[in-house]
Amino acid sequence: MSEFVYSQKPIPIERGEGVYLYAEDGTEYLDFGASYAVSPVGHCHPDVVSAVQDQAAKLLFVHASYPTESRDSLYEKVATVAPSGLGNVWLCNSGTEANEAALKFARSATGNSKIVAAKRGFHGRTMGSLSVTWKPKYRAPFEPLVDDVEFVTYGDEDELAEAVDDETAAVILEPVQGEGGVNPATKDYLRTARALTADSGTALIFDEIQTGLGRTGALWACEHAGVTPDILTTAKGLASGLPIGATLCADWIAEDAGSHGSTFSGSPVVSAAAEATLSVLVDENLPAHASEMGEHLQYELDAANLPVRDVRGHGLMVGIEVKRGANRIVKELALSHQILALPAGRSVLRLLPPLTVETEHLDAVVEALSDVLGGDE
């Protein structure tokens, strides 16, 4: 039973359409969690559904050692949307697998073992990714983990400079920490990370599993700082909820990446869904829409004068630091206002809606928050 690893929510979901999810009893829920950002183009976008149905009728699966049209098409699409210089793509099945590959590729390419990661960072639950995830809650039950990892204070340039040396294989950072509380890095911090790693021959890894694909108002969050890493990982909404991850690498990483593989890498059906998702993101200019909607949401949250400590984030990745339990607020929003949101720790409410939301959806959320938290609205 899934209760072994997941706490069950009392809302059995039957279907989804656009920015809405529908329970078995017909109740309509405005989805502002997108199941942790896996529905950037909305639930059951017709282009994605059509791509999946067409591919499923032709070929469900063949190993990646056999070329297929849908996988090759996805490789080409990813290469066109990737930051310049990151055209080497390895496909897998999840975000944590993408980060596992990134860490392995960095070690093999540099010949070093030390990894520098950030406090409050989250990179996944498999052993390697968990080793660079900071929170003891996730780590303690499974220790000892992979060693030679050093954690530094997120945003502290001096501490990062002290940690990175000629024996460092990689620095792994989220441009905006998600699980850690929706904490955006400054442009200067990311630029400093780029300079330090370039000087020492260290691989810079940006974990864009939650921040990528237009979520922050740019296709990749690192674009806000004008910084390109050596390795970028993406997953979550890449295939609109079908299981996929991708590790994008610079040439010098790919040339010495070492042996790696996955049985289900680039499944034909998942590849078709991912190619369609990327096409919708680009063709409908959803990153720009996310930027516009994010500005509107920020303005309305400020105008509501909610009794909160902080509102932060980029685009449609928004964290609201509250004075009381975030989990309780998430529950009340769902049960009283039919709005689904997420916590990010005990004191941060996280909003990650589909990038197709409009102002009326945002205004409904602000009104609900005003009711739950109290405010001027």
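**Figure 1. Seven strands of the predicted model form an open sheet.** The strands follow the order β4-β12-β11-β10-β7-β5-β6, and their pairing is mixed. The edge positions are taken by β4 (88-92) and β6 (149-152); each has a single partner strand, so one side of each is left without a neighbour in the sheet. From one strand to the next, the twist averages 20°. The model shown here and in the views that follow is a predicted one.

**Figure 2. Strands β5 and β7 pair in the parallel sense.** This view takes up one pairing within the seven-stranded sheet, where β5 stands between β7 and β6 in the strand order. Strand β5 comprises residues 114-118 and strand β7 residues 168-173, and four bridges link the two. Within this pairing, I115 is set opposite A170 of β7. In a regular strand, side chains alternate between the two faces of the sheet.

**Figure 3. A second open sheet is built from four strands.** Its order is β1-β2-β3-β15, again with mixed pairing. Here β1 and β15 (339-340) are the edge strands; each has a single partner strand, so one side of each is left without a neighbour in the sheet. Strand β3 and β15 run parallel and are joined by two bridges. The residue of β15 that serves as bridge partner to L30 is I339.

**Figure 4. Two hairpins link β1, β2 and β3.** Strand β1 (residues 13-17) runs antiparallel to strand β2 (residues 20-23), with four bridges between them. G16 faces L21 of β2 in this pairing. Two residues separate the strands of this hairpin, and G18 adopts a positive phi near 60°. Strand β2 also pairs in the antiparallel sense with strand β3 (residues 28-31), over three bridges. L21 stands opposite Y29 of β3. L21 thus appears in both pairings, opposite G16 and opposite Y29. The hairpin of β2 and β3 has four residues between its strands, and G26 in the turn shows a positive phi of about 95°.

**Figure 5. Backbone geometry is shown at S35 and at the bond between E143 and P144.** Most residues other than glycine have a negative phi, and most peptide bonds are trans. S35, a residue other than glycine, has a positive phi near 50°. This serine belongs to helix α1 (residues 34-37). The peptide bond that joins E143 to P144 is cis, with omega about 5°. P144 is located in the loop between α6 (136-139) and β6. Strand β6, which follows this loop, is one of the edge strands of the seven-stranded sheet.

**Figure 6. D188 and R191 form a salt bridge in helix α8.** Side chains of opposite charge can pair when their charged atoms come close. The closest N and O atoms of D188 and R191 are 4.0 Å apart. Both residues lie in helix α8 (residues 187-200), with a spacing of three residues, about one turn of the helix. The structure as a whole contains 10 salt bridges.

**Figure 7. Acidic residues form a negative surface patch.** The patch consists of E292, E295, E358, E360, D363, E367 and D371. Two elements, α11 (286-304) and α13 (359-373), each give two or more residues to this patch. Helix α13 supplies the largest share, four residues. Among the residues of the patch, E360 is located in helix α13.

Note on methods
Residues numbered from 1 in each chain as written. Predicted model: local features only at pLDDT ≥ 70, side-chain atom pairs only at ≥ 80, totals over all residues. Heavy atoms only, no water. Patch = residues over 30% accessible without salt bridge, like charges linked within 9 Å, V, L, I, M, F, W, Y side chains within 5 Å. Areas by Shrake-Rupley, 256 points an atom, 1.4 Å probe, with all protein chains shown as cover. Salt bridge = Lys/Arg side-chain N within 4 Å of Asp/Glu carboxyl O. Lys, Arg positive; Asp, Glu negative; His and termini not counted. Charge placed at Lys NZ, Arg CZ, Asp CG, Glu CD. Pairing = 2+ DSSP bridges. Axes fitted to C-alpha atoms, helices over the stretch in contact; angles between N-to-C directions.
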